[in-house]
Amino acid sequence: MFHKGEYIIYGSNGVCEVRDYVNPDEMDGKRMYYVLMPLSSKGSTIYSPVDNKKVFMRKIISREEANSLLAHIPEYEDMEIKEVRSQEQHYKELLHSYSCTDCLRFLKAIYKRKKKREAAGRRMTAVDEKYFLIARDSLLNELALALDMETGEVDKILAERMKEAEKQEA
């Protein structure tokens, strides 16, 4: 069970703060509910059963894990990107793993793919761009909270580390 004030990943809603618990009598009379406040949707409230098995929930990563993730970017292998026809499904499955490492590997692969396309005078595909932004925002929000930084600062660090990784691999 998560504690009040803790930040968790709550499915596709991303980072949420556990604000409270609601007594079963106030809801359906059977289950205890979390009262969650998504960071991406200010003013929204989510009520989720504490024993919810349908939506993925986990604590956000620690400061140490976040620092390690950023420090080891060059060491992570790019994620294999499948053929175009199954790409979007592959991206959805990746995002539903809720793994920061997988997300980072995906971002590295898309970043490289984007650079190759730009070098050939082409733009990033709409599907790549859509899932790149979703993955980046999700990772940035979690890292920013774990590191107690603004997302813009974390975005700069992430971009720098991606460029360093690119140079090391060249």
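This is a short tour of the helices, pockets, cavity and cysteines of one structure. The model is a predicted one.

**Stop 1: helix 1**

Select residues 63-71, which form helix 1. Now colour its buried residues: Ala-66, Leu-69 and Leu-70. They lie on the same side of helix 1, because they cover an arc of only 95° around the axis. The general pattern helps here: an α-helix has 3.6 residues a turn, so residues three or four places apart point the same way.

What covers this buried side? Show helix 3, helix 4 (126-147) and helix 5, which are among the elements that cover the buried residues of helix 1.

**Stop 2: the largest pocket**

Next, turn to the open spaces. Rolling a probe the size of a water molecule over the atoms shows where empty space is left.

The largest pocket has a volume of about 390 Å³. Its lining is made of 24 residues. To find the centre, select Gly-11, Leu-95, Tyr-98, Ile-134 and Ser-138, the lining residues closest to it.

Now add the helices. Helix 2 (87-95), helix 3 and helix 4 each give at least two residues to this lining. Which helix gives the most to the lining of the largest pocket? Helix 4 does, with 6 residues. Colour the lining by class and you get 10 nonpolar, 10 polar and 4 charged residues.

**Stop 3: the second largest pocket**

Move on to the second largest pocket, which holds about 210 Å³ of space. Select its lining in three steps. Start with Leu-107, Tyr-111, Lys-114 and Lys-115, which are among the lining residues. Add Phe-132 and Arg-136, also part of the lining. Then add Asp-155, Leu-158, Ala-159, Met-162 and Lys-163 to complete the lining.

Helix 3, helix 4 and helix 5 each supply at least two of the residues in this lining. Helix 5 has the largest share, 5 residues. How do the lining residues of the second largest pocket divide by class? There are 6 nonpolar and 5 charged residues, with no polar ones.

**Stop 4: the cavity**

Keep Tyr-111 and Met-162 selected; both also line the largest cavity. Add Lys-108, Lys-112, Ala-165, Glu-166 and Glu-169, and the cavity lining is complete. Helix 3 (100-119) and helix 5 (151-169) are the elements that give two or more residues to this lining. Helix 5 gives the most, with 4 residues.

How much space lies in the largest cavity? About 30 Å³. The count is 1 cavity of 30 Å³ or more. By class, its lining has 3 nonpolar and 4 charged residues, and no polar ones.

**Stop 5: the cysteines**

Finish with the sulfur atoms. A disulfide is a covalent bond between the sulfur atoms of two cysteines. How many disulfides does the count come to? The count is 0.

Select Cys-16 and Cys-100. The sulfur of Cys-16 has its closest cysteine sulfur in Cys-100, 15 Å away, so the two are too far apart for a bond. Cys-16 is buried, at 0% relative accessibility.

Now select Cys-103. Its closest cysteine sulfur is also in Cys-100, at 6.9 Å, which is too far for a bond. A disulfide needs the two sulfur atoms within 2.5 Å. Cys-103 counts as buried too, because its relative accessibility is 8% and buried means under 20%.

Technical notes
Residues numbered from 1 in each chain as written. Predicted model: local features only at pLDDT ≥ 70, side-chain atom pairs only at ≥ 80, totals over all residues. Heavy atoms only, no water. 1 Å grid on protein atoms, 1.4 Å probe; cavity = no way out; pocket = protein on both sides within 12 Å on 5 of 7 lines; lining within 4 Å. Points joined across faces, edges and corners; volume = space filled by probe spheres on them. Nonpolar A, V, L, I, M, F, W, Y, C, P; charged D, E, K, R; others polar. Buried < 20%, exposed > 50% of the residue type's maximum accessible area, 1.4 Å probe, protein only. Arc of directions from axis to C-beta. Contact = heavy atoms within 4.5 Å.
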